[in-house]
Structure formats: C-alpha cells, structure tokens
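Hello,

Here is the structure I promised to pass on to you. Have a look at it first, and then read on for my notes.

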Amino acid sequence: MAERRIGVAMDFSASSKKALRWAADNLVRKGDTLVLLHVRHHGRDEAKNVLWSRTGSPLIPLEELMEPPVRQRYDMPEDAEVFDTLNAVAKQKELCVVVKMYWGDPREKVCDAVGELNLESLVMGSRGLGQISRILLGSVTNYVLSNASCPVTVVKSK
C-alpha cells in the first residue's frame, strides 16, 4: 500500500490534542506521513515570517523540531504533551512526522494546506461552540468541512 499523508490541525488546545490522539489511535498506519498543521495569526513579528507568509514554512521534520532553537525560529509553542505524543506515535507506527507552519486566517490556511500537501485526510478538533457562537464568531471547523478537498474527521472535545 502506498504512503498516505494524513493531516492534523493543531492549535495546541485540548480539542486539537484529542484529535491528534484520535488520529494516532484510529487512522495512521505504518509508512504514513503525519503532517501537523499549525496556523499562527499575523502578529507583531509578521516581518520575521514574511518569506513564508503565502506558502507557509518548509516541512519541518519532527527530529529538527525537537531542538529548542528550531522551535524558537518558528515560534512553535512549547508543549511537551504534543511532542511526546508525536515521538511515541512516530516510533510505534514507524511514521514520518513533519510540521508545517502557516501564518494568517486558520480557515483559509488549513484548506490551502490540504491542497498544497496533497493530504488524503484531515483530522481536527472542535471546541464545541454552541450554535449562536458559531454563527457570530464563525467556526474554523465548519469552514474547513465545507471547503477542504479531502475527507475531514472532526473529533469533539467532549
């Protein structure tokens, strides 16, 4: 069976961590590439990342991301739980794990990533917003479900 590229949208919230665990337990298999997608809003350090503002960062192998200077360069949050999970899954299931960073609107960037990276499937968490909140605030999950060009699995936070 050919290698698959499975994406997990990660904002380091409890629901996105649950989505990562779900993908590890139920979807990825030996030989797959697990792509962790992380989108940062444009901020005061925007000039620092202008090179990658349209295309995102290069694919960052998990081994490189374990080095603190690399995480600092990409403003990657320090989250031992996520990195421990990624390392364990990579070893247990013999996966290639890479991280792709984007800057901008998470709704658009996640959908862009699906096409650019040829993802076969995307897993993401849902914060569990009520119907009114989703209407007023907009929902990244709803947008991605409607616009992504691959199957999307939504893992509820509760």
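Below is a short tour, from the overall layout to the nonpolar cores.

Please keep in mind that this is a predicted model. The protein contains seven helices and six strands. If you follow the chain from its start, these elements come in the order β-α-β-β-α-α-α-β-α-β-α-α-β.

Of the 158 residues in the protein, 45% are buried. The accessible surface comes to about 8,700 Å², and carbon and sulfur atoms hold 50% of that area. Among contacts with a separation of 6 or more, 79% join residues that lie 24 or more positions apart.

Now to the inside. In soluble globular proteins, nonpolar side chains tend to be buried together. The largest nonpolar core here has 29 residues, and Leu20, Leu34, Leu36 and Leu86 have the most contacts inside it. At least two residues of this core come from each of β1 (5-9), α1 (14-26), β2 (33-40), α2 (62-65), α4 (80-93) and β4 (96-103). The largest share, five residues, is supplied by α4.

Leu20 is a good place to start when you turn the model around. Which residues does Leu20 touch, leaving aside its neighbours within four places in sequence? They are Val8, Met10, Leu34, Leu36, Val82, Thr85 and Leu86.

There is also a second core, separate from the one above, with 18 residues. Val35, Ala113, Val114 and Met124 are among them.

Happy exploring, and do write back with any questions.

Best wishes

Technical notes: Residues are numbered from 1 along each chain as its sequence is written. This is a predicted model: local features need pLDDT of at least 70, side-chain atom pairs count only at pLDDT 80 or more; totals for chains, interfaces and linings use all residues. Side-chain values use heavy atoms; hydrogens and water are left out. A nonpolar core is a set of buried Ala, Val, Leu, Ile, Met, Phe, Trp, Tyr and Cys residues joined through side-chain atoms within 4.5 Å. Buried means under 20% relative accessible area, exposed over 50%, partly exposed in between (1.4 Å probe, protein chains only). Helices (H or I, at least four residues) and strands (E, at least two) are DSSP runs, numbered from the N terminus. Contact means heavy atoms within 4.5 Å. Accessible areas come from the Shrake-Rupley method with a 1.4 Å probe; for residues, only the protein chains shown count as cover.
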